[in-house]
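Student: I have a structure open and I'd like to learn how to read it. Can we go through it together?

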Amino acid sequence: MIRAHTTPQVRAAEADLLARLPEGALMQRAATGLGYAVLDLLGAAYGRRVLLLVGSGDNGGDALYAGALLARRGAQVEAWLLSSSAHEGGVAALRAAGGRIGAVRPAEFDVVVDGIVGIGGRGRLRPGAVAALEAVAGVPVVAVDTPSGVDVDTGEVDGPHVTADVTVTFGTHKTCHLVDPAAQACGAVHLVDIGLDLPEAPVEALQAADVAALVPRPHLDDHKYTRGVVGVRAGSAAYPGAALLSVAGAACGLAGMVRYDGDPAALDLVRAAHPEVVGPGRVQAWVVGSGSDTGAEDAVHRSVADGVPLVVDADALAFAALARGRPAVLTPHAGELARMLDVDRAEVEARWLEHARLAARRYDAVVLLKGRHTVVARPDGRVRVTTTGTPWLATAGAGDVLGGLIGSLLAAGLDPFAAASVGSWLHGAAATLASRHGPIVASDVAAAVPALVATLPTP
Ligand SMILES: NC(=O)C1=CN([C@@H]2O[C@H](COP(=O)(O)OP(=O)(O)OC[C@H]3O[C@@H](n4cnc5c(N)ncnc54)[C@H](O)[C@@H]3O)[C@@H](O)[C@H]2O)[C@@H](O)CC1
Ligand SMILES: Nc1ncnc2c1ncn2[C@@H]1O[C@H](COP(=O)(O)OP(=O)(O)O)[C@@H](O)[C@H]1O
Ligand SMILES: [K+]
C-alpha cells in the first residue's frame, strides 16, 4: 500500500524522531537518498552539471547536502539561492565539497534540483522562484520532497509550479503525489525511508499485493451462489451497447453468476454475446444506470428496494439520493459529479479530493470520481486513489465496464470501499495490459481482466 500522510502528521512524526536522533541525522538521511536518486538519473556524476534551486527552508537544506554529495563525486554543482537566507550547514557543506554558490548560467545544466519549498510552502511561489523556473525551462528536474508550487495536502495547483521528471520524497508519500492535478507535476515518485513512525493515512493507493489479498477467489467448496450473483439493470432501446458493456464488466469471472434485468430491447444482444448470463432473480448486488435512459429512476427504486449493495452509474446518478445511507458505490466522472453537487465541472477538476469527499458525505455513500487518477472517497473522508491505467482508457463505454466489474466484487462480498478501489485498480491495470499492442476499446478492457488477475502475486 502507498500511504499519503498530511503535513501535520509528518511534522509530528518528525518531531518524535528528531528528539531521539543526533542533530542533522534526519536531513542527512533525506539528502543522501536524494543525492543517489539524482545520480541514478544522471547515470554518472563526474563532469555532470547540476543546478540547485534553493529556498530558505529545510527543503533547500536537503538540496544543498545532496549537491555536496554529488560534488564530492565529481559533479559541477552550483546553487542558486532564491532567498536572503539559506540553510547554513547545507551552504557550508556544498562549499566544502567544491560546489559554487551563485553566478548561474541556466542553459548549461544536465539537471535542476528543486529545493525551493517542500511541506513548508505556503501560497503561490514568490516571483524570484517563478523567474528561476522560467530561466531553467527545458532542463530535467528532480523535485525535493514535492514539486514546488503545488498544494501538498490537497493536490491542487493554483499558479506557477515545478513540473518534475522525478520527485524524491521522504518518510512517506504526501497527497500531492497521488491526487491530480499535482500528481501530474511529480513525474516518477521515489520514496526514501528516513525512519518516521506514522499513524494511519487518510489517503492511500492500492498496490498489486493489496489487490491480490482483496480480490475474491473461489474456495474449494464454493458453488456459484456462494460466490455471489450480480444483477445488471443497464442499457435501453436507445443504448443497447451499454447493457453489453456493463454485463461484460460483471462477467469477468469474479462473481458466480450474472443476471440481466434491463431493457428487453437489449436482451437478445446480451444473450448472444454472453451465453452464461441468465434472466431476473435474486442477486447479492445490483449495477444500475449505464445507458438506462428514461428507465434509470425505476431501476434505482427497484434495486434499492431489494436491500442489497448497488453500483449507481451514469443516468442513475440523477437519482443517487435514493441510495443514501445504503451500501452503494456512485461512479460519476467530473461532469456528472458537478451536476450532483451543482457546481461547475472546472471546479471539480481543480479540486478532485475536496469534491469526491463532499459528495461521499452528502450522499452518504462511497463515491468513485473517475479520471486519470480516480479518487474513491468514503463518507468518513478516507480516500483511495487509483494510480493504474493509461490514457487509452479514455474511450467510450469504459465506465460501463467499470460499473459491472465493481458490481461483481460487491456481489462477491467486498464492502463498497474495497469493491470500488479494487475494481478501479483492476480496470486501469487491465487497460494497460490490453493496450500493450496499441489502441483499445471498452470491451478489450473487460476481456483483459482474467489475464490480469492471473498475474497478481499469490497472497
Ligand atoms: N519533516 C520531515 O520529516 C523532514 C523534512 N525534511 C525537509 O524539510 C522540508 C520542510 O522544511 P521547512 O519546514 O523548512 O519548509 P520548506 O523548506 O518546505 O519551506 C519553508 C521555507 O520556504 C519559504 N516559503 C514558503 N512558502 C513559499 C513560497 N510560496 N514561495 C517561496 N518561498 C516560500 C518560507 O519562507 C520558509 O522559509 C521538507 O519538505 C523536506 O524537504 C527533510 O530534511 C527530512 C525530514
Ligand atoms: N486521461 C486518462 N487516463 C487514464 N484513465 C482515464 C483518463 N480519462 C478517463 N479515464 C478513465 O476512463 C474511464 C472513462 O469512463 P467514463 O467517463 O464513464 O466513460 P463512458 O461513460 O464512455 O463509459 C474511467 O474509468 C476513467 O477513470
Ligand atoms: K521542492
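**Two packed helices**

Tutor: Start here: H15 and H16 are roughly perpendicular to each other (that label covers angles of 65 to 115 degrees). This is a predicted model, where local features need pLDDT of at least 70 and side-chain atom pairs count only at pLDDT 80 or more, while totals for chains, interfaces and linings use all residues. Residues are numbered from 1 along each chain as its sequence is written, with chains lettered from A and ligands numbered from 1 in the order in which they are written.

Student: At what angle do H15 and H16 pack?

Tutor: In general, two packed helices are described by the angle between their axes and the distance between the axes. Here, H15 (residues 416-434) and H16 (residues 442-455) pack at about 100°, and their axes are 8 Å apart. Axes are lines fitted to C-alpha atoms over the stretch in contact, and angles run from 0 to 180 degrees between N-to-C directions. Helices are DSSP runs of H or I with at least four residues, numbered from the N terminus.

Student: Which residues in H15 meet H16?

Tutor: Contact means C-beta atoms, placed from the backbone, within 7 Å. Among them on the H15 side are Leu426, His427 and Leu433, while H16 offers residues including Asp444, Val445 and Leu452.

Student: And how many residues surround ligand 2?

Tutor: There are 17, with His333, Lys370, Ala394, Ala398 and Gly399 the closest; to count, a C-beta atom, placed from the backbone, must lie within 6 Å. Helix H14 (residues 398-411) gives the largest share, four residues.

Student: What about ligand 1?

Tutor: That one is surrounded by 29 residues, and H3 gives the most, with four.

Key
Helix = DSSP H or I, 4+ residues; strand = E, 2+ residues; numbered from the N terminus. Parallel < 35°, antiparallel > 145°, perpendicular 65-115°, else oblique. Contact = placed C-beta atoms within 7 Å.
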